[in-house]
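Trainee: Got a minute to go through this one with me? I'd like to know what to look at.

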Amino acid sequence: MKIKTSLRVLSLLVILVFAGMMFIPVVSAVNDSNPTPPGWVGQFDEWAGKKDMSEYNPVVTPVPIEKMDKETAEKYPGVEVIDSDIQFPTNNNYVDAQKSSMKAVKINFVKPSLKTNSEAKALVPTVAPEYGYFNWYWTQDTIVSQNVIIHNFGSTNASGTVYFVSIEDGLSSTATFTDLSPGMNCSVNIPFQVIGNYSSVGIKPMGLFITVDPSNTVTWSGQLALDAIEKYNNDASHLPDPDSGDNLETSDLYHFPYNDGYAIILEAAAAGDNTSSPYDTAQKLNDYVFNKMEYVSNELYSLYAASDLYIINHEYEGVCDEHATMDVTFSRSLGIPSRFLGITWLNETGSCIGHAILENWDGNSWIHSDPTWNSFNNPQIYNHGNNTHMYLTKYTDADDSRFTEDPAGDGLLRYEDLVAIPLGELPEYN
């Protein structure tokens, strides 16, 4: 359990009478060594610490992932279930050093081994990719454009089909090419359909293969050198944020779609891989952060909330607000609306305890998540041991330049840099 810079004596509980007769614990008196308490962390005497309360979590039965069959695929024009005998070898392509954008990456392909027999070359021209631009950040139930430049290495004109494949799901979308002359290139755009009912959130290996008419002979196939990542759809008919995007935003705490954002999103995708409901994904992320983070108590983490990039660059350490920050970052990067909450309560000795948690929106309600305690969907966990007055505050719109007395841009935010929205003593916690 972590004590603040110096432990302060808690004032007697003052009853604040407003509409609804809500009880709110008054903050501790300011001490001499810290005359200006830094926001929320000036409102309590000690942190709740780290503990494993997972044994009290409800049992999670994962939502099964349904595989699409060929008959069902006919309902989706342009979608095909690939044959199981198609192979996707690796090491025949590589990621270009320069990404064309946050969501698209240039991939270069190794020149294929060519047939030396001219008669064989004429019979089945070798058509293979030279390079392409591939969108790797997929949103469920959308069309993701994949563009590839193909080359005819044969000696006769070639027509055929290019297949872009989600290898894990066994689904492809296609585009055709016609009369590609020997030694020539052409650009092929493939409108790949991401069908949420038949795929999962997480890491999605991408594949490509090319067939040539009239025999549909496969002349090139391979797994792409970068995995895609699939996320939930946040439009009005899928998983919209109940606060109009506030719980999906990036800020100076949460940086997942920044220039090198693939690393953060990839880590989230690996942690929540192969899940098909926001509830299941959120549970796996909670467990991952609990096991990944090291609880380190010192003055820096007492006074500041560290950003996701700062945490990653400092060996995944911190206290409860760092745990919650990473969970919010991972959740939002996979399309789960998530809100960062500060919670205080009075323990049986009258001390005011502070803690940081989050809640994930599953489409119907807010789901409690505490990666410091490895507690999930159990908001009553703080009500044990004669604790009372669980009071919650949402913190949002983090801007490191808001509190001018602290330097901006260092990844360490004071709570004055965040907007505080009191939620009060929510009944589900009390």
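Mentor: We'll go from the overall makeup to a sheet, some hairpins, a helix and the charged side chains. Keep in mind that this is a predicted model.

Trainee: Fine. How many helices and strands does the protein have?

Mentor: There are seven helices and 24 strands. The protein has 430 residues, and 55% of them count as buried. Of the contacts with a separation of 6 or more, 68% are between residues 24 or more positions apart.

Trainee: What's the strand order in the open sheet of five?

Mentor: The order is E2-E9-E8-E12-E13, and the pairing is antiparallel. E2 (79-81) and E13 (217-223) are the edge strands, each pairing on one side only. On average, neighbouring strands in this sheet are turned by 30° against each other, direction ignored.

Trainee: How many bridges are there between E8 and E12?

Mentor: Seven, in the antiparallel sense, between E8 (residues 158-166) and E12 (residues 206-212). To find the register by eye, look for Phe-164, which stands opposite Leu-208 in E12.

Trainee: Now E20. Which strands does it make hairpins with?

Mentor: E19 forms a hairpin with E20, and E20 forms another with E21. Four residues separate E19 from E20, and Gly-363 in that turn has a positive phi of about 105°. The turn between E20 and E21 also has four residues, including Asn-374 with a positive phi of about 55°.

Trainee: And the pairing itself?

Mentor: E19 (residues 352-361) and E20 pair antiparallel over four bridges. E20 and E21 (residues 375-376) pair antiparallel over two bridges. Ser-369 is a handy marker: Leu-358 stands opposite Ser-369 on one side, and Ser-369 stands opposite Phe-376 in E21.

Trainee: Why is E20 described as largely enclosed?

Mentor: Because four of the five residues of E20 (residues 366-370) are buried.

Trainee: Different topic. How many residues of H7 are buried?

Mentor: 14 of the 14, so the rest of the structure largely encloses H7. H7 covers residues 320-333 and reaches 20 Å from its first C-alpha to its last, close to the 20 Å expected at 1.5 Å a residue. After H7 comes Gly-335, with a positive phi near 85°.

Trainee: On to charges. How many salt bridges does a search of the whole structure find?

Mentor: Eight. One of them joins the side chains of Asp-83 and Lys-70, at 3.0 Å from N to O. Asp-83 is in the loop between E2 and E3 (93-99), while Lys-70 is in H1 (residues 70-73), 13 residues apart. Asp-83 counts as partly exposed at 40% relative accessibility, and Lys-70 is exposed at 51%.

Trainee: What about Glu-230 and Lys-204, buried or exposed?

Mentor: Both are buried. Their side chains meet in a salt bridge at 3.8 Å, N to O. Glu-230 sits in E14 (residues 228-231) and Lys-204 in E11 (residues 202-204), so the pair ties together parts 26 residues apart in sequence.

Trainee: Any with a longer reach along the chain?

Mentor: Take Lys-394 and Asp-246, whose side chains form a salt bridge at 2.7 Å, N to O. Lys-394 lies in E22 and Asp-246 in the loop between E14 and H3 (262-271), so the pair ties together parts 148 residues apart in sequence. Both Lys-394 and Asp-246 are buried. As for networks, salt bridges that share partners join Glu-168, Asp-169, Lys-204 and Glu-230 into one.

Trainee: Which side chain of opposite charge is nearest to Asp-280?

Mentor: Lys-284, 9.0 Å away; Asp-280 is buried yet has no salt bridge. Asp-280 lies in H4 (residues 278-292). Leaving aside neighbours within four places in sequence, the contacts of Asp-280 are Val-60, Thr-61, Pro-62, Val-63 and Thr-275.

Trainee: And Asp-406?

Mentor: Asp-406 is also buried without a salt bridge, and the nearest side chain of opposite charge is Arg-414, 5.2 Å away. Asp-406 is in the loop between E22 (388-396) and E23 (412-413). With neighbours within four places in sequence left aside, Asp-406 is in contact with Tyr-304, Asp-400, Leu-412 and Arg-414.

Trainee: Last one: where is Met-184?

Mentor: In the loop between E9 (171-180) and E10 (185-194). Met-184 counts as partly exposed, at 45% relative accessibility. Met-184 and Asn-152 are 32 residues apart in sequence and 5.8 Å apart in space, C-alpha to C-alpha.

Terms used:
Residues numbered from 1 in each chain as written. Predicted model: local features only at pLDDT ≥ 70, side-chain atom pairs only at ≥ 80, totals over all residues. Heavy atoms only, no water. Expected span 1.5 Å × (residues − 1). Buried < 20%, exposed > 50% of the residue type's maximum accessible area, 1.4 Å probe, protein only. Pairing = 2+ DSSP bridges. Axes fitted to C-alpha atoms, helices over the stretch in contact; angles between N-to-C directions. Lys, Arg positive; Asp, Glu negative; His and termini not counted. Salt bridge = Lys/Arg side-chain N within 4 Å of Asp/Glu carboxyl O. Contact = heavy atoms within 4.5 Å.
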